[in-house]
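Hi,

Here is the structure I promised to send over. Have a look at it first, and then read my notes underneath.

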Amino acid sequence: MPDASSGHRLPTRLFSLALMSLSLVLVGAAGSSRNQALARGGSPSSSTSGSIGEAVSPSTAEQKALVEHLRTRGAIFYGAWWCPHCFHQKNLFGTEAGRRLPYVECDKDQAGRERCQAAKIRAFPTWDLDGERREGLLTIEELAVWSGFKAKTGGGTSSR
């Protein structure tokens with residue numbers, strides 16, 4: 001007779017595998033469109049954030065201003081190309097601002113793995129600002145407050 005507690009294991013595992021597969025497909029599709037642009041003569045973005053896929057909507061002026069503020073403050077966003085939460089984190093900023101995030105890829109090559117090991121990164125995404133860490137997905141509002149960002153556009157920040 002099967003153990004009643006094991007009855008839920010297979011559907012949970014299948015769901016987890018399906019979700020992971022979908023995440024990889026979405027990240028791969030976003031990376032594929034970037035590679036197609038490069039093949040047509042485009043140039044890579046000025047940051048390394050393109051490795052986790054492109055955000056799906058345009059950035060607002062406030063999202064762009066927040067990214068520039070984070071860059072000026074020396075914030076670093078550590079992530080991995082396969083991490084769905086990292087993709088979601090980037091997506092909160094929209095396309096243009098997402099490309100400018102101060103992103104460090106922790107699992108694409110040996111140099112990135114070593115940099116993240118040296119920084120003692122334990123979870124993705126991880127934000128570092130002045131030696132203070134925040135692990136996990138942060139809203140636009142949380143990043144704005146944590147970094148001391150003051151909106152210049154008069155409206156509130158939006159996490160979409």
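Below is what I found, starting with the whole chain and then moving to one strand.

Keep in mind that this is a predicted model. The chain has 160 residues, and 36% of them count as buried. About 9300 Å² of the chain is exposed, with carbon and sulfur atoms supplying 59% of that area.

As for the fold, you'll find 6 helices and 4 strands. Reading from the N terminus, the order is α-α-β-α-α-β-α-β-β-α. If you take the contacts between residues at least 6 apart in sequence, 74% of them join residues at least 24 apart.

The strand I'd look at is S1, which covers residues 76-79. Is S1 buried or exposed on its two faces? Both faces are covered: Ile76 and Tyr78 lie on one side, Phe77 and Gly79 on the other, and all of these are buried.

S1 also pairs with two other strands, S3 and S2. With S3 (residues 126-129) the pairing is antiparallel and runs over 3 bridges. Here Tyr78 sits opposite Thr126. With S2 (residues 103-105) the strands run parallel, again joined by 3 bridges. On that side, Phe77 has Tyr103 as its bridge partner.

So if you open the model in a viewer, Phe77 and Tyr78 make handy starting points: Phe77 takes you across to S2, and Tyr78 takes you across to S3.

Cheers

How values were computed. Residues are numbered from 1 along each chain as its sequence is written. This is a predicted model: local features need pLDDT of at least 70, side-chain atom pairs count only at pLDDT 80 or more; totals for chains, interfaces and linings use all residues. Side-chain values use heavy atoms; hydrogens and water are left out. Buried means under 20% relative accessible area, exposed over 50%, partly exposed in between (1.4 Å probe, protein chains only). Two strands pair if DSSP finds at least two bridges between them. Contact means heavy atoms within 4.5 Å. Accessible areas come from the Shrake-Rupley method with a 1.4 Å probe; for residues, only the protein chains shown count as cover.
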